[in-house]
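Colleague: I have the file open and a few minutes to go through it. Can you walk me through the fold?

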Amino acid sequence: MRLETDNLTSYSLLAVFAHPDDESLACGGLLAWCADRGARVALLCATHGEQGPNRSGNNKTPAQLGSTRARELKQAAKVLGLSDVVLLDYPDGSLKWSDTNPLKEQIVDAIQKFRPDIVITFGRDGLYWHPDHIAIHESTTAACATMGTKAPALYYVTMPPDCVKTLVDTISSRPAAHALSKEFCGISDLNAFGAQAPHPTLVLNVGCFAIQKLSALRCHQTQVAGSVLMHMTDRDAEELFSIEHFHRSIIGQTHNTFLESLPSRPNK
Ligand SMILES: [Zn+2]
């Protein structure tokens with residue numbers, strides 16, 4: 001049965017990620033789309049990203065960077081139309097080696113609070129083997145598994161290999177962007193993105209919401225200043241950010257969700 005998808009006010013989605021900026025990069029188009037159609041879209045982010053790079057040009061202590069990234073996340077959430085942001089304070093960079101039992105409980109609490117139809121997080125590859133991404137995948141999967149058949153449908157973000165490399169090569173080959181770093185998210189091996197990602201079971205064209213995704217990513221200035229993302233046009237976003245990929249887990253509800261009923265691309 002296909003569901004009504006122009007009006008999503010009776011639906012709810014919870015995204016669970018490790019760092020401020022993961023939400024925009026991984027599935028910003030879908031989050032914006034669902035929020036625009038009235039769904040309640042909440043985000044739980046496990047760390048402040050205080051050990052990450054700082055490309056904004058101002059020296060910051062980890063605590064200062066964490067505060068700045070919290071503000072950037074708030075701005076990105078506004079751009080995407082998120083209704084709720086839960087920002088936790090687990091140690092950035094060492095989530096995998098932390099006691100994640102409390103995190104698992106906090107994810108269960110968030111599921112009970114927001115009652116999402118859908119939970120989205122990273123797959124077991126962490127998109128590019130980032131240990132924090134793998135840790136949030138494991139904690140979210142474990143949290144949903146403890147809820148048995150009452151768990152919401154669980155989806156993992158995934159991407160085809162070459163996706164990020166194509167984006168970076170396209171933008172950085174232009175004369176104005178020639179001198180830019182070819183790193184993406186601080187990773188120089190662009191072939192790492194999606195190299196071991198699970199195959200997609202759901203491929204969505206997020207259409208016009210790709211521009212919102214780019215705007216949201218640019219809110220994370222400490223992460224994207226001086227990168228190819230600052231040289232993308234709206235048209236680039238529609239070409240290079242319009243497809244988002246997801247893999248549905250076997251955990252949780254098994255019926256068709258509203259995601260599977262979304263049209264091939266949104267009508268604005
Ligand atoms: Zn991350």
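Modeller: One term before we start: two residues are in contact if their C-beta atoms, placed from the backbone, lie within 7 Å. With that meaning of packing, the buried residues of α7 pack against α1, α2 (62-80), α8 (221-224) and α9 (234-240). Bear in mind that this is a predicted model.

Colleague: Which residues of α7 are buried?

Modeller: They are Phe209, Ala210, Ile211, Gln212, Lys213, Leu214, Ala216, Leu217, Arg218 and Cys219. That makes ten of the eleven residues in helix α7 (residues 209-219), so the helix is largely enclosed by the rest of the structure.

Colleague: Let's back up. How many helices and strands are in the chain?

Modeller: The chain has ten helices and seven strands. Its radius of gyration is 17 Å, close to the 18 Å that the globule rule gives for 268 residues, so the chain is as compact as a globular protein of that length.

Colleague: And what does the C-alpha trace span along its principal axes?

Modeller: About 50 × 45 × 30 Å. Buried residues account for 50% of the 268 residues. If you take the contacts between residues at least 6 apart in sequence, 83% of them join residues at least 24 apart.

Colleague: Now the sheet. What is the strand order?

Modeller: The order is β3-β2-β1-β4-β5-β7-β6, an open sheet of seven strands with mixed pairing. β3 and β6 stand at the edges with a single partner strand each, so one side of each has no neighbour in the sheet. From one strand to the next the twist averages 25 degrees.

Colleague: Which strands run parallel to β2, then? Start with β1.

Modeller: Strand β1 (residues 12-17) pairs with β2 in the parallel sense over six bridges, and Ala15 has Leu43 of β2 as its bridge partner. β2 is also joined to strand β3 (residues 84-90) by five bridges, again running parallel. There, Leu44 stands opposite Val86 in β3.

Colleague: What handedness do the crossovers have there?

Modeller: The crossover from β2 through α2 to β3 is a right-handed β-α-β one. β1, α1 and β2 also make a right-handed β-α-β unit.

Colleague: Is β2 covered or open?

Modeller: Mostly covered: eight of the eight residues in strand β2 (residues 40-47) are buried.

Colleague: Okay, the other half of the sheet. How does β4 pair with β5?

Modeller: Strand β4 (residues 118-122) and β5 pair in the parallel sense over five bridges, with Tyr156 in β5 as the bridge partner of Thr121.

Colleague: And which strands run antiparallel to β7?

Modeller: One is strand β5 (residues 153-158), joined to strand β7 (residues 243-248) by four bridges. Val157 stands opposite Phe246 in that pair. Strand β6 (residues 202-205) is also antiparallel to β7, with four bridges, and Leu204 stands opposite Glu244.

Colleague: How does α1 sit on all this? Which strands does it lie across?

Modeller: α1 lies across β1, β2, β4, β5, β6 and β7, and runs at about 175 degrees to β1. α2 packs on the sheet too, where it touches β2 and β3, and its direction makes about 160 degrees with that of β3.

Colleague: Switching to the core. Which members touch the most others?

Modeller: In the largest nonpolar core, which has 85 residues, they are Leu13, Leu14, Ala15, Leu31, Cys34, Leu80 and Leu82. Helix α1 (residues 22-36) gives the most to that core, with nine residues.

Colleague: Take Leu80. What is it in contact with, leaving aside its neighbours within four places in sequence?

Modeller: Leu80 is in contact with Ser24, Gly28, Leu31, Ala32, Ala35, Gln212 and Ala216. Gln212 and Ala216 are among the buried residues of α7 that came up earlier.

Colleague: Last thing, backbone oddities. Which residue has phi near 45 degrees?

Modeller: Arg115, a positive value in a residue other than glycine. Most residues other than glycine have a negative phi. Arg115 is in the loop between α3 (101-114) and β4, and counts as exposed because it has 12 C-beta neighbours inside 10 Å.

Colleague: And where does Asp162 lie?

Modeller: In the loop between β5 and α6 (163-172). Phi of Asp162 is also positive, near 85 degrees. With 14 C-beta neighbours inside 10 Å, Asp162 counts as partly exposed.

Notes: Residues are numbered from 1 along each chain as its sequence is written. This is a predicted model: local features need pLDDT of at least 70, side-chain atom pairs count only at pLDDT 80 or more; totals for chains, interfaces and linings use all residues. A nonpolar core is a set of buried Ala, Val, Leu, Ile, Met, Phe, Trp, Tyr and Cys residues joined through C-beta atoms within 7 Å. A residue is buried if 20 or more other C-beta atoms lie within 10 Å of its own, exposed if 12 or fewer, and partly exposed in between; C-beta atoms are placed from the backbone. Helices (H or I, at least four residues) and strands (E, at least two) are DSSP runs, numbered from the N terminus. Two strands pair if DSSP finds at least two bridges between them. The radius of gyration is taken over C-alpha atoms; the globule rule is 2.2 Å times the number of residues to the power 0.38. A crossover is right-handed if, with the strands pointing away from the viewer, the path from the first strand over the helix to the second runs clockwise. Axes are lines fitted to C-alpha atoms, for helices over the stretch in contact, and angles run from 0 to 180 degrees between N-to-C directions.
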